[in-house]
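Biologist: Please walk me through this one. I will keep my questions short.
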Amino acid sequence: MHIPDAFIPIWQGAIYWIIALVFIALALKWARNEMNEEKLPLVAVLAAGIFALQSFNLPVSMGTSGHLVGGALAAIILGSPFAAIFILTLVLIVQAVLFGDGGITTLGTNIINMGVIGGFVGFYTFRGLMGVSKNMPVSVFFAAWLACLIPALCCAVEMFVAGTFPLMEGLVAMGIYHAIIGVIEGFVTVAAVYLIATARPDLIDSGVVAPAGA
Amino acid sequence: MMDNKTFIIAGIVIALAIGGIAVFFASGDPDGLESTALVVQGQKELTGSTPEDAELHEETDGRFSYTAPMPDYALGDEMGPTGGIIAIVAGTFIAFVVVMGIAYGLKKAGKPVK
């Protein structure tokens, strides 16, 4: 759901950019406080992995393809929505500037959708479900699924405001496609969390193995 | 438990493997946002396949336009899959280095002055 420059008027893109900058500042503050010699490689490896995963478009039927976004993954593993904003912001900048995936004036919007909304939805869905179900894979799966679907619906609303899509048609199509793409996001995120938790249990946030508050 | 060096190498190898497979097996179908745009523009049925000749109409009037050095994760048709692999490898390393660099810089800057 990388929005290209052509889909949003420049002035609206500027508004989203300003909002995005506030969250980027908070994410930088998070990085400054949380980063240590041990966590640094994990964060950088996650960014490389999320970049690679995002380049892999899988067919999701109905003439559509989709790829992982990674917001939930980063937020769950590192235990903060700001981790997702930090990593996704940098990955999205690389994608837009070097690969033309997503626009420049729309980069702020993309950071809000995939980093901010994806990160917050993924993180708090995970925390909530983990508290209720105590089941890590199920909580991760639904957190990742929602972290794909909700930003897509927000994107549809932004497209409506931009005059690019009609509201209902956009919501229905974006919703259906990303509900399916989200299933991929869910499975891959569960697999990635397992892999990292097995390789380096010390690096991941304690909320992943023990339910919040436990 | 893996040490940091092994973890970084293993992580990058996995990332590169995923990216490499992607060059050959990634679906050429439009993504969710582009598909929605095609549906809205009447070029595609909501649940139908994407027609071969479907072309996204993009508003360019008064919109910013930018041409990236490696558009669509490739280096042009003549380079084919090789170009794709170069683009993905470059992107994966750049993502790693950029995040590592900025995180490291922030950590340095964040150290309390004694």
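**Cysteines, helix contacts and buried residues**

Biologist: How many disulfides are there over all chains?
Modeller: This is a predicted model. A disulfide needs two cysteine sulfur atoms within 2.5 Å. By this rule, the count over all chains is zero.

Biologist: Why is there no bond at A:Cys154, and how far is its sulfur from the closest cysteine sulfur?
Modeller: The closest cysteine sulfur belongs to A:Cys155. The cut-off for a disulfide is 2.5 Å. The sulfur of A:Cys154 is too far away for a bond, because the distance is 8.6 Å.

Biologist: Is A:Cys155 buried or exposed?
Modeller: Take A:Cys154 beforehand: its relative accessible area is 23%, so A:Cys154 is partly exposed. Buried means under 20%. A:Cys155 has a relative accessible area of 0%, so A:Cys155 is buried.

Biologist: Which residues of α6(A) meet α5(A)?
Modeller: Helix α5 (residues 107–133) and helix α6 (residues 136–161) of chain A pack at about 150°, with axes 7 Å apart. Their crossing is right-handed. From α5(A), the contact includes A:Ile117, A:Val121 and A:Phe126. From α6(A), the residues are A:Met136, A:Ser139, A:Val140, A:Phe142, A:Ala143, A:Leu146, A:Ala147, A:Ile150, A:Pro151, A:Cys154, A:Cys155 and A:Glu158.

Biologist: How many nonpolar residues does the contact of α5(A) with α6(A) have?
Modeller: Sort the contact residues by class. One is charged and seven are polar. The nonpolar residues number 15.

Biologist: Is α3(A) oblique or perpendicular to α4(A)?
Modeller: Helix α3 (residues 71–78) and helix α4 (residues 81–99) of chain A pack at about 130°, their axes 7 Å apart. Roughly perpendicular covers 65 to 115 degrees, and roughly antiparallel starts over 145. The angle therefore makes α3(A), relative to α4(A), oblique.

Biologist: What is the handedness of that crossing of α3(A) and α4(A)?
Modeller: The residues that meet are A:Gly71, A:Ala74, A:Ala75 and A:Leu78 in α3(A), with A:Pro81, A:Ala83, A:Ala84, A:Ile87 and A:Leu88 in α4(A). By class they are eight nonpolar, one polar and no charged. The crossing of α3(A) and α4(A) is right-handed.

Biologist: Which residues of chain B does A:Ala47 contact?
Modeller: A:Ala47 sits in helix α2 (residues 39–54) of chain A. Its relative accessible area is 0%, so A:Ala47 is buried. Set aside neighbours within four places in sequence, and A:Ala47 contacts A:Ile87 and A:Val91 in its own chain. In chain B, A:Ala47 contacts B:Ala95 and B:Val99.

Biologist: Is B:Ser49 buried or exposed?
Modeller: B:Ser49 lies in the loop between α2 (32–40) and α3 (80–110) of chain B. Not counting residues up to four places away in sequence, B:Ser49 touches A:Met62, A:Gly63 and B:Lys44. The exposed class begins over 50%. B:Ser49 has 59% relative accessibility, so B:Ser49 counts as exposed.

Biologist: How far apart in space are B:Ser49 and B:Ser35?
Modeller: B:Ser35 is one of the buried residues of α2(B). In sequence, B:Ser49 and B:Ser35 are 14 residues apart. C-alpha to C-alpha, the separation is 9.7 Å.

Biologist: What covers the buried residues of α2(B)?
Modeller: Eight of the nine residues of α2(B) are buried. They include B:Gly32, B:Leu33 and B:Val40. The cover includes these elements of chain A: β2 (65–66), α6 and α7 (167–199).

How values were computed. Residues are numbered from 1 along each chain as its sequence is written. Chains are lettered from A and ligands numbered from 1 in the order in which they are written. This is a predicted model: local features need pLDDT of at least 70, side-chain atom pairs count only at pLDDT 80 or more; totals for chains, interfaces and linings use all residues. Side-chain values use heavy atoms; hydrogens and water are left out. Axes are lines fitted to C-alpha atoms, for helices over the stretch in contact, and angles run from 0 to 180 degrees between N-to-C directions. Helices (H or I, at least four residues) and strands (E, at least two) are DSSP runs, numbered from the N terminus. Angles under 35 degrees count as roughly parallel, over 145 as roughly antiparallel, 65 to 115 as roughly perpendicular and the rest as oblique. A crossing is left-handed if the near helix is turned anticlockwise from the far one by less than a right angle, and right-handed if clockwise. Contact means heavy atoms within 4.5 Å. Ala, Val, Leu, Ile, Met, Phe, Trp, Tyr, Cys and Pro count as nonpolar, Asp, Glu, Lys and Arg as charged, and the others, Gly among them, as polar. Buried means under 20% relative accessible area, exposed over 50%, partly exposed in between (1.4 Å probe, protein chains only).
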